[in-house]
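Hi everyone, thanks for making time. I'd like to walk you through a structure that is probably new to most of you, so have it open on your screen while I talk.

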Amino acid sequence: MSGESKLLDAEFIQKLERLSIGAKRVFPGRQKGEKRSPRQGSSLEFADYREYAPGDDLRYVDWKAYARLEKLFVKLFVEEEDLAVHILIDASQSMLYPTENPSGTVKFDFARKIAAALGYVALSRYDRLGVAAFSQALGGRTPALRGKASAPQLFSYLESLQAGGRTDFVTSLRNYAMRHTSPGVCVILSDFYDPNWEKGVRALLSRRYQIVLIQILAPEEIKPEISGDIRLVDAETGESREVSITPAVLASYQDALRHFCIGLSDLASRQGMDYLCVTTDTPLEDVLLKSLRESGLLKG
């Protein structure tokens, strides 16, 4: 086990070491890892034979086949390469909800925990990992990380992040797609309250990323416990509105939120993306060891 984290406890980190990131298709890698490559190399998994050619490594000659056929054949193996894993975290002001409930988990903190867990899984399998935060623009990102020795750097980066500002999926994700042209699995952690989120995600789809959308909501957003005459203030724009909260208004709000989430799910399905909605009161182990394993993002 490598590194200590304020986001994950040591016992949970040990459980993560049994998992790996699942890719729906093969992405060309850059270094040896633990994912199947379309190329043939020298891993331990047999792939095929070909006839011996001068200069071939004699260690891979099948001498049993030579004894039977009096002809030299070389064993070919499936080469294992690393997978590029990208994790993008919404660090806008809306992710700091709920600020008024000291006992609740802030969405941004929950997103950082999921990112820490997924990042550690990638590092433990020698995948190439990059993590970045975004709000109105793309923030600083980690350098390319690989191997469990990089875990402290991952944890330090996530622990240092701060949220604030408006959400701009288009500017941020287009910028990321232009800078990072090595496709792989891209996990986006957000509440997706930016109405233009789809345009930003399309920039990554055009680069052939395998995209996983993880929507994070607070229980208070799903079932608000408010009533009477109140002033609602948009956390990102500062726009306010006087509202009389009645049972009918609450029902209308919940219906709108439900349709919003269904729309996210439907659009993700049409575009070949995976979608998962989680709430901050869900145990982290359930998210990683159950929900994300059932979705296929995590294996093991």
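**A walk through the fold**

Let's start with the outside: the accessible surface of the chain comes to about 15,400 Å², and 49% of that belongs to carbon and sulfur atoms. Keep in mind as we go that this is a predicted model. As for the inside, 45% of the chain's 300 residues count as buried. The secondary structure adds up to nine helices and 12 strands. And if you take the contacts between residues at least 6 apart in sequence, 77% of them join residues at least 24 apart.

Okay, on to the sheet. In what order do the strands of the open sheet run? There are six of them, and the order is E6-E5-E4-E7-E8-E11, with mixed pairing. If you're wondering what pairing involves, strands of a sheet pair through backbone hydrogen bonds, either parallel or antiparallel. At the edges you'll find strand E6, residues 138–141, and strand E11, residues 274–279, each of which pairs on one side only. On average, neighbouring strands here are turned by 20° against each other, ignoring direction.

Let me zoom in on one of those edges. Strand E8, residues 210–217, pairs with E11 in the parallel sense, over six bridges. To see one of the residue pairs, find Gln-215 and look across to E11, where its bridge partner is Cys-277.

Now for the helices that sit against this sheet. Which strands does H4 touch? Helix H4 packs on the sheet against E4 (84–90), E5 (128–134) and E6, and its direction makes about 5° with that of E5. Then there's H8, which lies across E8 and E11 and runs at about 170° to E8.

While we're at E5, have a look at Arg-128, which is found in that strand. Is Arg-128 buried or exposed? Its relative accessible area is 11%, so Arg-128 counts as buried. The side chain of Arg-128 also makes a polar contact with the side chain of Ser-182, at 3.4 Å.

Next up, the aromatics. How many aromatic pairs does the structure hold? Six, and I'll show you two of them. One is Tyr-120 with Phe-155, a stacked pair at 6.2 Å centre to centre, with 15° between the planes. Tyr-120 lies in helix H3 (residues 107–124) and Phe-155 in helix H4 (residues 151–160), so the pair ties together parts that are 35 residues apart in sequence. Both rings belong to buried residues: Tyr-120 has a relative accessible area of 0%, and Phe-155 comes in at 1%.

The other pair I picked is Tyr-193 with Phe-260, and this one is tilted, at 6.1 Å centre to centre and 40° between the planes. Tyr-193 is in the loop between E7 and helix H6 (197–205), while Phe-260 is in helix H8 (residues 247–270), so here the linked parts are 67 residues apart in sequence. In this pair, Tyr-193 is partly exposed at 33% relative accessibility, and Phe-260 is partly exposed too, at 29%. There's also an aromatic cluster to look for, formed by Phe-134, Phe-169, Phe-192 and Trp-197.

Two more residues before I stop. Where is His-180? Follow helix H5 (169–179) to its end and you'll come to the loop that leads to strand E7 (185–190), which is where His-180 lies. With 15% relative accessibility, His-180 counts as buried because the cut-off for that is under 20%. Leaving out residues up to four places away in sequence, His-180 touches His-86, Arg-141 and Tyr-209. With Arg-141 there is also a side chain to side chain polar contact, at 3.3 Å.

Last one: Leu-298, which has its place in strand E12, residues 298–299. At 2% relative accessibility, Leu-298 is buried as well. What does Leu-298 touch? Again leaving out residues up to four places away in sequence, the list is Leu-19, Ser-20, Ile-21, Leu-118, Val-121, Leu-288, Leu-292 and Arg-293. Take Leu-288 from that list: Leu-298 and Leu-288 are 10 residues apart in sequence, and 7.7 Å apart in space from C-alpha to C-alpha.

That's my tour, thanks for listening!

Note on methods:
Residues are numbered from 1 along each chain as its sequence is written. This is a predicted model: local features need pLDDT of at least 70, side-chain atom pairs count only at pLDDT 80 or more; totals for chains, interfaces and linings use all residues. Side-chain values use heavy atoms; hydrogens and water are left out. Helices (H or I, at least four residues) and strands (E, at least two) are DSSP runs, numbered from the N terminus. Buried means under 20% relative accessible area, exposed over 50%, partly exposed in between (1.4 Å probe, protein chains only). A polar contact is a pair of N or O atoms within 3.5 Å; within protein, one must be able to donate a hydrogen and the other to accept it, and residues adjacent in sequence count only if both atoms are side-chain atoms. Contact means heavy atoms within 4.5 Å. Rings of Phe, Tyr and Trp (its six-membered ring) pair if their centres lie within 6.5 Å; planes under 30 degrees apart count as stacked, over 60 as edge-to-face and the rest as tilted. Two strands pair if DSSP finds at least two bridges between them. Axes are lines fitted to C-alpha atoms, for helices over the stretch in contact, and angles run from 0 to 180 degrees between N-to-C directions. Accessible areas come from the Shrake-Rupley method with a 1.4 Å probe; for residues, only the protein chains shown count as cover.
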